[in-house]
Amino acid sequence: MSRPATGEVIISLTGVELHTNHGVSDAEQELGQRMLFDLELIPDVVSATETDDIDGTVDYGAVTEFLSEAATGARYRTLERLVTVIADGLLEHFPLVEVRVRATKPEPPVPFSMDGASVEVFRSRDA
């Protein structure tokens with residue numbers, strides 16, 4: 001993700017926790033599991049830096065509502081598909097130039113101890 005020029009804004013939402021039903025196994029699809037989401041958003045224009053008006057930025061309350069609906073409204077076998085659907089939807093529904101979406105399974109169904117399994121995707125209006 002490119003870094004904005006001086007004066008531009010990055011909005012980061014980290015550790016958004018949702019109960020989802022994504023995964024390769026039937027158990028993951030049926031029982032579900034806790035998943036963490038991290039979003040990095042670069043808005044098109046942010047006048048709120050000068051006006052202090054919510055209409056001059058991306059409302060991250062609305063973004064988290066969208067995330068919740070997108071992450072729980074359908075079931076996917078792969079995290080790759082899940083994060084792609086979320087990223088594309090964010091670009092479609094919000095005035096964003098670039099997005100990065102990461103989904104992490106803190107307790108993936110593997111026989112090893114780990115901090116989590118993550119997949120991250122980057123999308124840009126230019127891409």
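Biologist: What does Thr20 touch, not counting residues up to four places away in sequence?

Modeller: Thr20 touches Gly32, Gln33, Met35, Phe37 and Ala71. Bear in mind that this is a predicted model.

Biologist: Where is Thr20 placed? And is Thr20 buried or exposed?

Modeller: Thr20 is in strand 1. Its relative accessible area is 0%, so Thr20 counts as buried.

Biologist: OK, the sheet. How many strands, and in what order?

Modeller: Four strands, in the order 1-2-3-4. The sheet is open and the pairing is antiparallel.

Biologist: Which are the edge strands?

Modeller: Strand 1 (11–20) and strand 4. Each of them pairs on one side only. From one strand to the next, the twist averages 15 degrees.

Biologist: How many bridges join strand 3 to strand 4?

Modeller: Eight, and the two strands run antiparallel. As for a specific position, Glu98 stands opposite Ser124 in strand 4.

Biologist: Which strands does helix 3 touch when it packs on the sheet?

Modeller: Strand 1 and strand 2. The direction of helix 3 makes about 35 degrees with that of strand 1.

Biologist: And helix 4, which strands there?

Modeller: Helix 4 also packs on the sheet, touching strand 2, strand 3 and strand 4. Its direction makes about 150 degrees with that of strand 3.

Biologist: What span should helix 4 have, and how far apart are its end C-alpha atoms?

Modeller: Helix 4 covers residues 79–93, which is 15 residues. At 1.5 Å a residue it should span 21 Å. The end C-alpha atoms are 21 Å apart, so the two agree.

Biologist: Which residues of helix 4 are buried?

Modeller: Leu79, Leu82, Val83, Thr84, Ile86, Ala87, Gly89, Leu90 and Leu91.

Biologist: What covers them?

Modeller: The cover includes strand 2 (33–43), helix 3 (60–72), strand 3 (96–105) and strand 4 (117–124).

Biologist: Core next. How many residues are in the largest nonpolar core, and which have the most contacts inside it?

Modeller: That core has 32 residues. Phe37, Ile86 and Leu90 have the most contacts inside it. In soluble globular proteins, nonpolar side chains tend to be buried together.

Biologist: Which elements give two or more residues to this core?

Modeller: Strand 1, strand 2, helix 3, helix 4, strand 3 and strand 4. Helix 4 gives the most, with seven residues.

Biologist: Take Leu90. What is Leu90 in contact with, leaving aside neighbours within four places in sequence?

Modeller: Leu39, Leu41, Val63, Phe66, Leu96, Val99 and Val101.

Biologist: Phe66 is on that list. Where is Phe66 found? Buried or exposed?

Modeller: Phe66 is found in helix 3. Its relative accessible area is 16%; the cut-off for buried is under 20%, so Phe66 is buried.

Biologist: What else is Phe66 in contact with, again without neighbours within four places in sequence?

Modeller: Its contacts are Ile86, Gly89, Leu90, His93 and Phe94. Phe66 and Phe94 are 28 residues apart along the chain, and their C-alpha atoms are separated by 9.9 Å.

Biologist: Switching to backbone angles. What is the phi of Asp52?

Modeller: Positive, about 60 degrees, although Asp52 is not a glycine.

Biologist: Where does Asp52 lie? And why does Asp52 count as exposed?

Modeller: Asp52 lies in the loop between helix 2 (48–51) and helix 3. Its relative accessibility is 72%, and exposed means over 50%, so Asp52 counts as exposed.

Key:
Residues numbered from 1 in each chain as written. Predicted model: local features only at pLDDT ≥ 70, side-chain atom pairs only at ≥ 80, totals over all residues. Heavy atoms only, no water. Expected span 1.5 Å × (residues − 1). Buried < 20%, exposed > 50% of the residue type's maximum accessible area, 1.4 Å probe, protein only. Contact = heavy atoms within 4.5 Å. Pairing = 2+ DSSP bridges. Axes fitted to C-alpha atoms, helices over the stretch in contact; angles between N-to-C directions. Core = buried A, V, L, I, M, F, W, Y, C linked by side-chain atoms within 4.5 Å.
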